[in-house]
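Reader: Hello! Could you take me through one part of this protein slowly, the nonpolar core and what surrounds it, and set it in the context of the whole chain?

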Amino acid sequence: MKIAITGANGQLGHDLVNLLSHDHQVFGLSRQVMDITNFPQVVETVQRIKPDAIIHAAAYTRVDEAEHTQDKAYLVNTYGTRNVAISAQQAGSKMIYISTDYVFDGQSSTPYKEFDSPNPLTVYGKSKLAAEEIVKNFSNKYFIVRTSWLYGQYGQNFVKTMLTLAQLRKELPVVFDQIGSPTYTVDLAYFLKDLLQTELYGIYHASNTGACSWYEFAKAVFEEAGLDIKLNPVETKDFPRPARRPAYSVLDHMAIRLNGLSDFRTWRDALKEFVGQLI
Ligand SMILES: NC(=O)C1=CN([C@@H]2O[C@H](COP(=O)(O)OP(=O)(O)OC[C@H]3O[C@@H](n4cnc5c(N)ncnc54)[C@H](O)[C@@H]3O)[C@@H](O)[C@H]2O)C=CC1
């Protein structure tokens, strides 16, 4: 297959390019090659490649900054996605749009199903949800894949931040009242690779299985790394940030189950592998 990947220099994009290049003709599109906010450039690039599928992983992911730069968030996440969706449709390509658990408000106490009503709390979440609607309207061969708490080898993420902080301090405060599912970008890339081969279009929730708080996640990182760091559980209210995070954003994998696709391994198993490779 010919596969184009936006956000090719990002955490997920990088792993997607690496994985899919083994079996497919891959076009990794960084911002330098194709700025998704530039409509003529997106149309021209996609027409030239004529990919069988586009995985759209590019986004404005600075969740806190987005609260103050709304136009920028909507320009990249919403209108950028429109540009990709229209181009994908013109070229007859399948489209996978990567979305987020932050489309939910976190008031639930049970895992969110694909058809539960979104209610994003942040500009970032709203701009990503608006993009989901656009994808549904402009593409007739779409997968919307919501994931959560990504980490991997490339770029900055929670796991790397914890390991860096551990070199500077022996004691760290970490939030214990936000629950979600950490997801390894390599595992998500494998899932997307399988999904691409199908025509089982629609919305998917895709994360490593199981759930934890950021506090438990940090504890697991240090256990896997064999580091003795004292963690102090703190409440979200003691750690004010511009963007309000959902208190609970665990994703139920109903679409994976009902479509007979392979589910993810646990977040702890994935973390073990990642930290093992990192250190
Ligand atoms: N990082 C996380 O914890 C989560 C991320 N997601 C979603 O997963 C996807 C991948 O996330 P990450 O790899 O972590 O993001 P990232 O921030 O590492 O990568 C995003 C990439 O998009 C590119 N980009 C930004 N503006 C662009 C533009 N105008 N034109 C072209 N490229 C542009 C950036 O250069 C960057 O390489 C995104 O859609 C994000 O919204 C969903 C849930 C959680």
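Author: Happy to; here is the whole chain, then the core, then the ligand shell and a few loop and strand residues.

Please keep in mind that this is a predicted model, in which local features need pLDDT of at least 70, side-chain atom pairs count only at pLDDT 80 or more, and totals for chains, interfaces and linings use all residues. Residues are numbered from 1 along each chain as its sequence is written.

Let's begin with the whole chain. The secondary structure comes to ten helices and twelve strands; helices (H or I, at least four residues) and strands (E, at least two) are DSSP runs, numbered from the N terminus. The C-alpha trace spans about 55 × 40 × 40 Å along its principal axes. For 279 residues, a compact globule would have a radius of gyration near 19 Å, and the protein agrees with that at 18 Å. That radius is taken over C-alpha atoms, and the globule rule is 2.2 Å times the number of residues to the power 0.38.

An unreviewed UniProt entry annotates residues 1-277 as "domain: RmlD-like substrate binding". Positions from UniProt are given in the numbering used here, feature names are shortened, and annotations may be inferred rather than shown by experiment. This span is 41% helix and 18% strand, and its end C-alpha atoms lie 30 Å apart.

Now for burial. Buried residues make up 46% of the 279 residues; a residue is buried if 20 or more other C-beta atoms lie within 10 Å of its own, exposed if 12 or fewer, and partly exposed in between, with C-beta atoms placed from the backbone. Among contacts between residues at least 6 apart in sequence, 82% join residues at least 24 apart. Two residues are in contact if their C-beta atoms, placed from the backbone, lie within 7 Å.

That brings us to the part you asked about. In soluble globular proteins, nonpolar side chains tend to be buried together. Here the largest nonpolar core has 77 residues, of which Ile5, Leu16, Ile55, Ile96 and Leu192 touch the most other members. Helix H5 (residues 123-138) gives the most to this core, with six residues. Such a core is a set of buried Ala, Val, Leu, Ile, Met, Phe, Trp, Tyr and Cys residues joined through C-beta atoms within 7 Å.

Leu16 is a good place to look. Beyond its neighbours within four places in sequence, Leu16 is in contact with Ile5, Ile55, Ala57, Ala189 and Leu192.

Leu188 sits in helix H7 (residues 185-196). Leu188 counts as buried because it has 27 C-beta neighbours inside 10 Å. Setting aside neighbours within four places in sequence, its contacts are Leu12, Thr147, Thr183 and Ala206. Lys170 is 18 residues from Leu188 along the chain, yet their C-alpha atoms are separated by 32 Å.

On helix H5 you will find Ile134. With 21 C-beta neighbours inside 10 Å, Ile134 is buried too. Apart from residues within four places in sequence, Ile134 is in contact with Thr78, Thr81, Arg82 and Ala85.

Next, the ligand. Its shell has 26 residues, and Gly7, Gly10, Gln11, Ala58 and Ala59 come nearest; a residue is near a molecule if its C-beta atom, placed from the backbone, lies within 6 Å of it. Helix H1 (11-20), helix H4 (70-91) and strand E4 (94-100) each supply at least two residues of the shell, and the largest share, three residues, comes from H1. By class there are ten nonpolar, 13 polar and three charged residues. Ala, Val, Leu, Ile, Met, Phe, Trp, Tyr, Cys and Pro count as nonpolar, Asp, Glu, Lys and Arg as charged, and the others, Gly among them, as polar.

Finally, some residues outside helices. Lys50, in the loop between helix H2 (39-49) and strand E3 (53-56), has a positive phi near 45° without being a glycine. Lys50 is exposed, with 12 other C-beta atoms within 10 Å. Trp149 is also not a glycine and has a positive phi of about 45°. Trp149 lies in the loop between strand E5 (142-147) and strand E6 (150-151) and counts as buried, with 23 C-beta neighbours inside 10 Å. Val175, in strand E7 (residues 171-175), is partly exposed, with 19 other C-beta atoms within 10 Å. Not counting residues up to four places away in sequence, Val175 touches Ser213, Trp214, Tyr215, Val234, Thr236 and Phe239.
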